[in-house]
Amino acid sequence: MSRLLSLVLAESAVELVPKEIASHSAVRAWSRRKGKPASELILDQNYHYAAIHRLARMAERRGRPDIVHYCLLLALGSPLNMEGHLRCYVHTVNEKVITVNPKARLPRQSDRFVSLLEQLFSTRVVPRVGEPLLSLNDGGLTDIIRKVEGDYVVALSTLGKPKSMEEVAGLMVDHEHPVLLIGGFSTGHFSKETLGLANEVFQIYPKSLEAWTVVARAVYDYERASGLDD
Ligand SMILES: C[S@@+](CC[C@H](N)C(=O)[O-])C[C@H]1O[C@@H](n2cnc3c(N)ncnc32)[C@H](O)[C@@H]1O
């Protein structure tokens, strides 16, 4: 099996605290506690809930680094990744791309993961010396698809055509470099631009699922469709 699945957590709710809420009391309190300026903190609903609701744009879906954390833990721990057939990318709401080394062992604890992201946003690569485990670049979904030479792009969304994940996986394994877009956000839908990059948009269940549930199903069904468990 030489094909490689690129899993992209798209439009993910990962960003630094925006300037417009940097002086909010919830952010200042967290900044004091962490000993970092607000400009170096990752926006996090766990700690900045009151401040996030002051944001003018899409407040309800911002500040959810936990979604990316759970999705990556699931994906990186899968047999598909262990056998070298998976690449993970995080595309963020502000057009940044995090490239994840398949060998990365992420912290299990969410606050430690967020601290790692803060380090990444500050130094652009972690660790600073040696083989990069996470690297951060400016760029969009088009850059990722071009880089991985994506030949079949599937977006999963409740707005898509109904098809079981098993069937979707069956379609993807017919390609060398399939790309799977799963939203790294909690509510709402992909932008028109994102949907426009997909060859197909599929709904794998009639109700909205958590992103990490979708990742778990997608990776497992892809493993089976590609014969990894034979
Ligand atoms: C929590 S959902 C976002 C909510 C959004 N209302 C939705 O249902 O697509 C996060 C991501 O999981 C995927 N997802 C969730 N439920 C899905 C479903 N039933 N079919 C296909 N994809 C789904 C989509 O990629 C979505 O962007």
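**Entry: around the ligand**

I began with the shell around the ligand and sorted its residues by class, which gave eight nonpolar, eight polar and one charged. I note here that the model is predicted, and I read every entry below with that in mind. In total I find 17 residues surrounding the ligand, and the closest are Leu 156, Thr 158, Gly 183, Ser 208 and Leu 209. I then asked which elements supply at least two residues each to this shell. They are β6, β7 (178-183) and α9 (211-225), and I see that β6 gives the most, with three residues.

**Entry: positive phi outside glycine**

Next I looked up backbone angles, and I stopped at Glu 11, which has a positive phi of about 55° although it is not a glycine. I place Glu 11 in strand β1, which covers residues 5-12. Is Glu 11 buried or exposed? I count 25 C-beta neighbours inside 10 Å, and because the cut-off for buried is 20 or more, Glu 11 counts as buried.

I also looked at Glu 149, where phi is near 55°, again a positive value in a residue other than glycine. I find Glu 149 in the loop between α6 (141-147) and β6 (152-162). For Glu 149 I have 11 other C-beta atoms within 10 Å, so I enter this residue as exposed, given that the exposed class takes 12 or fewer. I therefore keep two notes on glutamates, with Glu 11 buried and Glu 149 exposed.

**Entry: a cis peptide bond**

I then checked the peptide bonds and wrote down the one joining Val 126 and Pro 127, which is cis, with omega at about -10°. Where does Pro 127 lie? I locate Pro 127 in the loop between β4 (125-126) and β5 (134-138).

**Entry: Leu 16 and its surroundings**

Last I turned to Leu 16, which I find in the loop between β1 and α1 (25-34). I count 19 other C-beta atoms within 10 Å of Leu 16, and since buried requires 20 or more, I record Leu 16 as partly exposed. Leaving aside residues up to four places away in sequence, I list Ser 39, Leu 41, Ile 42, Leu 43 and Phe 121 as the residues that Leu 16 touches. I also took a distance from Leu 16 to Pro 178, which stands 162 residues away along the chain, and the C-alpha atoms of the two are separated by 30 Å.

Key
Residues are numbered from 1 along each chain as its sequence is written. This is a predicted model: local features need pLDDT of at least 70, side-chain atom pairs count only at pLDDT 80 or more; totals for chains, interfaces and linings use all residues. Helices (H or I, at least four residues) and strands (E, at least two) are DSSP runs, numbered from the N terminus. A residue is near a molecule or strand if its C-beta atom, placed from the backbone, lies within 6 Å of it. Ala, Val, Leu, Ile, Met, Phe, Trp, Tyr, Cys and Pro count as nonpolar, Asp, Glu, Lys and Arg as charged, and the others, Gly among them, as polar. Two residues are in contact if their C-beta atoms, placed from the backbone, lie within 7 Å.
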